[in-house]
Structures are given as C-alpha cells and as structure tokens.
Amino acid sequence: MALDLPAPIAAYFAADRADAEGVAACFTDDAIVKDEGRTHRGKAEIAAWKRDIAAKISYTSTPIAIAAQDGKTVVTCHIVGNFAGGEVDLRHFFVIDGEKISSLEIIP
C-alpha cells in the first residue's frame with residue numbers, strides 16, 4: 001500500500017531516485033539536513049551530501065510508515081543497498097515550510 005506523503009516529501013523521495021540537484025531543489029534555500037552525525041546547510045551542501053552518498057553506495061528507499069511527532073512529519077523508510085548489513089530502516093524527520101522542506105534529520 002502506498003503512503004499518502006505530503007507533496008514536498010513525495011518530491012524528495014522521487015528526486016532521491018534521480019539526482020542530487022533534484023533532491024536539493026526540494027529544500028528551502030536555508031534548509032538543514034542532519035545525517036550520519038554531520039550537518040549540511042543550504043542547497044549546495046545538500047546536493048554535495050547526496051552526491052557523496054551516491055558515490056559511496058547504491059540503494060533503494062521505500063517509505064513504509066508515516067506519523068506526526070513534535071511538529072515534524074516522520075517517515076520510516078526501508079533501505080536496501082550495497083552497504084554493511086545490506087538493509088536498514090531509517091526514520092526521516094521532516095519539517096515543511098510551504099512547498100519545500102526546511103529541515104531533515106535521518107536517524108536509524
């Protein structure tokens with residue numbers, strides 16, 4: 001069953017299958033992404049973060065659950081790829097500002 005994701009979040013996951021610039025376009029100009037203990041600020045750093053990930057691993061991401069928590073939209077994704085362990089569920093904590101994402105934190 002497909003999840004009913006808010007438009008900016010659906011756009012993020014669609015872009016994640018395509019390219020880093022497409023991912024960055026889903027964010028506000030001053031957005032922040034926190035992943036693997038690092039913080040990436042603004043569209044240029046967000047695009048660089050996605051390019052770096054794509055250079056290291058190949059993966060697919062399937063949203064499997066959505067919830068609201070403390071003003072954030074939390075999407076749990078099942079990730080399968082060529083990394084240690086081969087699969088993992090990650091929680092994506094999104095803050096939406098209009099039609100864009102202003103904040104994303106990814107937590108195992």
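These legends go with four close-up views of a predicted model.

**View 1. Here's the hairpin made by strands S1 and S2.** Strand S1 covers residues 27–35 and strand S2 covers residues 38–41. The two run antiparallel, and four bridges join them. To find your way across the pair, look for Lys34, which stands opposite Thr39 in S2. Then follow the chain round the turn, where two residues sit between the strands. One to look at in the turn is Glu36, which has a positive phi of about 50°.

**View 2. Now we move to the largest pocket, with about 470 Å³ of space.** It has 24 lining residues, and the closest to its centre are Asp35, Glu36, Ile53, Leu90 and Ile106. You've met Glu36 already: it's in the turn of the hairpin. Plenty of elements chip in here, with at least two lining residues each from helix H1 (7–16), S1, S2, helix H3 (42–56), strand S3 (59–69), strand S5 (87–97) and strand S6 (100–107). H3 gives the largest share, four residues. Sort the lining by class and you get 12 nonpolar, four polar and eight charged residues.

**View 3. Next up is the second largest pocket, with a volume of about 230 Å³.** Its lining is made of 16 residues, and those nearest its centre are Asp16, Arg17, Ala18, Ala54 and Tyr59. Who supplies the lining? H1, helix H2 (20–24), H3 and S3 each bring at least two residues. You may recognise H3 from the previous view, where it gave four residues to the lining of the largest pocket. By class, the second largest pocket is lined by eight nonpolar, three polar and five charged residues.

**View 4. Last, here are two cysteines, Cys26 and Cys77, and neither is in a disulfide.** A quick reminder: a disulfide is a covalent bond between the sulfur atoms of two cysteines. How many disulfides does the model have? The count comes to zero. To be counted, a pair of cysteine sulfur atoms has to lie within 2.5 Å. For Cys26, the nearest cysteine sulfur is that of Cys77, and it's 13 Å away. Turn it around and the story holds for Cys77, whose nearest cysteine sulfur is that of Cys26, 13 Å away. Are these residues buried or exposed? Cys26 has a relative accessible area of 8%, so it counts as buried. Cys77 is buried too, with a relative accessible area of 0%. The cut-off for buried is under 20%.

Definitions and conventions
Residues are numbered from 1 along each chain as its sequence is written. This is a predicted model: local features need pLDDT of at least 70, side-chain atom pairs count only at pLDDT 80 or more; totals for chains, interfaces and linings use all residues. Side-chain values use heavy atoms; hydrogens and water are left out. Two strands pair if DSSP finds at least two bridges between them. On a 1 Å grid over the protein atoms alone, a cavity is a set of points where a 1.4 Å probe fits but cannot get out, and a pocket is an open set with protein on both sides within 12 Å along at least five of seven lines; lining residues have an atom within 4 Å of a point. Grid points are joined across faces, edges and corners, and a volume is the space filled by probe spheres set on the points. Ala, Val, Leu, Ile, Met, Phe, Trp, Tyr, Cys and Pro count as nonpolar, Asp, Glu, Lys and Arg as charged, and the others, Gly among them, as polar. Buried means under 20% relative accessible area, exposed over 50%, partly exposed in between (1.4 Å probe, protein chains only).
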